[in-house]
Amino acid sequence: MFSGSFEACGNIIPASYVQQARNARKSRENQIRIFLEHRKWPSEGWDDTSIELLLQELSIMDSNNFPGNVGAGEREGRVISSLVSRRHFRLSHGIGRSGDITAVQPKAAGSSLLMKLTNCMALDVIKLAGVRSAKACLVLPVATGMSMVMTLLTLKQQRPGAKFVIWPRIDQKSCFKCILTAGFEPVIVENVLEGDELQTDLAAVERKIKDLGAENVLCVFTTTSCFAPRIPDRLEEVAKLCKEQNVPHVVNNAYGVQSSKCMHLIQQAARIGRVDAFIQSTDKNFLVPVGGAIVAGFDGSFIDAVSKTYPGRASATPSIDLFITLLSLGSVGYQQLLQQRKEVYSYLAEGLSRVAESHGERLLVTKSNPISLAISLERVTKALELNAAGVTQLGSMLFTRCVSGARVVPPGSTKEINGYVFTGWGAHAKNYRCAYLTAAAAIGMTKAEVDTFLKRLDKCLSKFTSKGTTIDELSSHCENGEEKEADIENKDNSTVNR
């Protein structure tokens with residue numbers, strides 16, 4: 001409602017009522033104006049009405065929503081389904097132009113504004129989470145793996161003769177496949193075992209650089225967030241080495257934004273050494289649908305070069321999702337989520353330790369991993385003389401009881417990826433000392449979910465450790481789910497003592 005319209009309304013209904021509505025509208029307009037002027041992430045979250053009002057105003061700025069607009073080109077933002085149009089708030093032009101994903105579109109002033117504002121807020125998030133010296137970031141409409149591909153290809157422009165990527169082993173397919181997809185040769189560095197933890201073999205990384213020749217190495221590709229018992233790479237030492245050898249350093253920080261420890265490692269690594277870019281997922285860190293990632297770094301020109309690597313325009317959906325979510329949460333709301341996650345991590349660690357001990361197992365000591373936890377499955381393996389397939393039935397039993405995300409890793413399994421064979425796949429090492437189960441205390445998880453998970457885990461482990469249980473019976477429990485979930489929840493004998 002515009003000022004002239006409010007005056008006209010005052011001729012229809014009492015002017016005092018109209019003035020109240022006018023004041024409320026002005027309050028929302030001021031909120032939006034301050035956001036546009038400062039381009040900073042609001043501390044307090046916005047209500048849905050204010051967010052929808054801003055999205056409405058932005059969409060009106062796009063040419064496909066102009067009254068009487070005639071589109072004479074091949075891409076005019078036409079959407080035939082009204083349901084699809086509403087789903088995207090009528091922002092159908094996407095973001096970027098053919099040569100640069102951050103370029104402003106003449107037809108899409110509103111979508112371009114949204115993209116720029118989302119990148120500004122994303123940088124605020126990165127700084128708030130702990131990487132305060134970050135200079136630039138870019139929200140990409142592809143998930144983490146493809147964002148890594150784009151980052152590697154950008155480095156290729158700077159080092160055309162380099163073909164090797166030195167990669168401390170992390171058993172997640174996307175991390176490895178992105179190197180192959182970008183057309184480079186991975187140089188796998190096996191981890192070293194210290195206690196229960198698997199960590200970076202720094203000496204091996206240094207040897208590889210010297211053996212291959214620093215000029216032939218595209219980058220060292222490290223990882224922060226990972227499944228226990230692997231812990232974050234020794235980022236500070238690697239960054240210092242990369243600076244000394246003049247080798248780029250890229251960090252896979254897939255779900256590390258939610259961890260102050262992971263972010264501190266990146267900040268310190270950049271302070272004393274070299275970090276060219278670090279990449280994180282939007283869905284894993286900000287509770288939005290899969291499909292986006294943030295590439296951040298300490299040199300604005302490099303992040304700008306990444307944006308120019310993307311060919312053509314791109315979907316605005318990941319930016320819209322993040323834009324809405326960050327405005328809804330505000331920085332205060334996101335900080336609360338981060339604090340809750342830390343509390344849930346401690347709660348899960350205590351609970352897993354109790355359940356493990358009650359079945360003759362133990363919580364692996366991986367204190368350097370701030371998100372993922374693991375319990376041994378040594379007794380389970382030995383008691384029934386299970387092979388790799390037999391141990392993984394525990395994971396299947398949990399899944400049929402609506403527990404997702406927990407991973408059972410048996411010893412000795414192999415995996416082939418594009419001709420590369422990994423022994424001990426899933427364990428980040430050729431011969432880890434035992435089978436184990438992992439679970440993560442990720443952002444958004446609640447203590448109530450932990451309680452339910454522990455009850456179901458206790459019930460499933462009982463099937464493995466009960467006297468007289470056969471492998472065939474375990475298979476039957478796995479395939480049939482054994483009991484309805486409601487029955488599982490109602491039985492007191494599976495309750496974990498607190």
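**Exercise 1. Place Arg-75 and describe its surroundings.**

Step 1. Find the element. Arg-75 sits in the loop that runs between helix H3 (48–60) and helix H4 (82–87). The model is predicted.

Step 2. Check the record. UniProt, in an unreviewed entry, puts the feature "binding site" at Arg-75.

Step 3. Classify the exposure. The relative accessible area of Arg-75 is 22%, so the residue is partly exposed. The cut-offs matter here: buried means under 20%, and exposed means over 50%.

Step 4. List the contacts. Leaving out residues up to four places away in sequence, Arg-75 touches His-93, Gln-105, Lys-107 and Arg-313.

Step 5. Look for a polar contact. The side chains of Arg-75 and Gln-105 are joined by one of 3.2 Å.

**Exercise 2. Compare Arg-271 and Arg-401. Which is buried and which is exposed?**

Step 1. Start from the record. The UniProt annotation "binding site", from an unreviewed entry, covers Arg-271 and Arg-401. They are spread over 131 residues of sequence, and also in space, with up to 46.3 Å between C-alpha atoms.

Step 2. Place Arg-271. It belongs to helix H10 (residues 260–272). Its relative accessibility is 56%, so Arg-271 counts as exposed.

Step 3. Place Arg-401. It lies in the loop between helix H15 (388–400) and strand E11 (407–409). Its relative accessible area is 1%, so Arg-401 is buried.

Step 4. Find a partner for the buried side chain. The side chain of Arg-401 reaches the backbone oxygen of Met-397 at 3.0 Å.

Step 5. Move on to Cys-402. This residue is also placed in the loop between H15 and E11. Cys-402 is exposed, at 62% relative accessible area. It has a positive phi of about 65°, although it is not a glycine.

**Exercise 3. Work out how strand E1 is covered and paired.**

Step 1. Count the buried residues. In strand E1 (residues 136–140), five of five are buried.

Step 2. Sort the side chains by direction. Ala-136, Leu-138 and Leu-140 point one way, while Cys-137 and Val-139 point the other way. Why this pattern? In a regular strand, side chains alternate between the two faces of the sheet. In E1, the residues pointing either way are all buried.

Step 3. Find the partner strand. E1 pairs with strand E9 (residues 293–297) in the antiparallel sense, over five bridges. Within this pair, Cys-137 stands opposite Ala-296 of E9.

Step 4. Bring in a helix residue. Ser-147 lies in helix H6 (residues 144–158). Ser-147 counts as buried, at 0% relative accessibility. Setting aside neighbours within four places in sequence, its contacts are Leu-140, Val-142, Ile-279, Ala-293 and Val-295. The Ser-147 side chain also reaches the backbone oxygen of Val-142, at 3.4 Å.

**Exercise 4. Describe the hairpin of E12 and E13.**

Step 1. Set the direction. Strand E12 (residues 414–417) and strand E13 (residues 420–423) run antiparallel and are joined by four bridges. Ile-417 stands opposite Tyr-420 in E13.

Step 2. Look at the turn. Two residues lie between the strands of this hairpin. Asn-418 is in the turn and has a positive phi of about 50°, although it is not a glycine.

Step 3. Classify Asn-418. Its relative accessible area is 58%, so Asn-418 is exposed.

**Exercise 5. Find the cis peptide bond and place its proline.**

Step 1. Check omega. The peptide bond from Ala-228 to Pro-229 has omega near 10°, and is cis.

Step 2. Place the proline. Pro-229 is in the loop between strand E6 (217–223) and helix H9 (235–245).

**Exercise 6. Describe how domain 2 meets domain 3.**

Step 1. Set the bounds. The chain is divided into domain 1 (4–65 + 82–88), domain 2 (109–329) and domain 3 (335–477).

Step 2. Take the distance. The centres of domain 2 and domain 3, taken over C-alpha atoms, are 28 Å apart.

Step 3. Count the contacting residues. There are 38 in domain 2, in contact with 39 in domain 3.

Step 4. Read the buried area. About 3200 Å² is buried between domain 2 and domain 3, and carbon and sulfur atoms give 65% of it.

Step 5. Name the leading contributors. Asp-171, Asp-196 and Gln-258 supply 21% of the area that domain 2 buries against domain 3, more than any other three residues.

How values were computed:
Residues are numbered from 1 along each chain as its sequence is written. This is a predicted model: local features need pLDDT of at least 70, side-chain atom pairs count only at pLDDT 80 or more; totals for chains, interfaces and linings use all residues. Side-chain values use heavy atoms; hydrogens and water are left out. UniProt positions are given in the numbering used here, feature names are shortened, and annotations may be inferred rather than shown by experiment. Buried means under 20% relative accessible area, exposed over 50%, partly exposed in between (1.4 Å probe, protein chains only). A polar contact is a pair of N or O atoms within 3.5 Å; within protein, one must be able to donate a hydrogen and the other to accept it, and residues adjacent in sequence count only if both atoms are side-chain atoms. Two strands pair if DSSP finds at least two bridges between them. Domain bounds come from an automatic or database domain assignment. Contact means heavy atoms within 4.5 Å. Buried area is the accessible area (1.4 Å probe) that two parts lose on being put together, summed over both.
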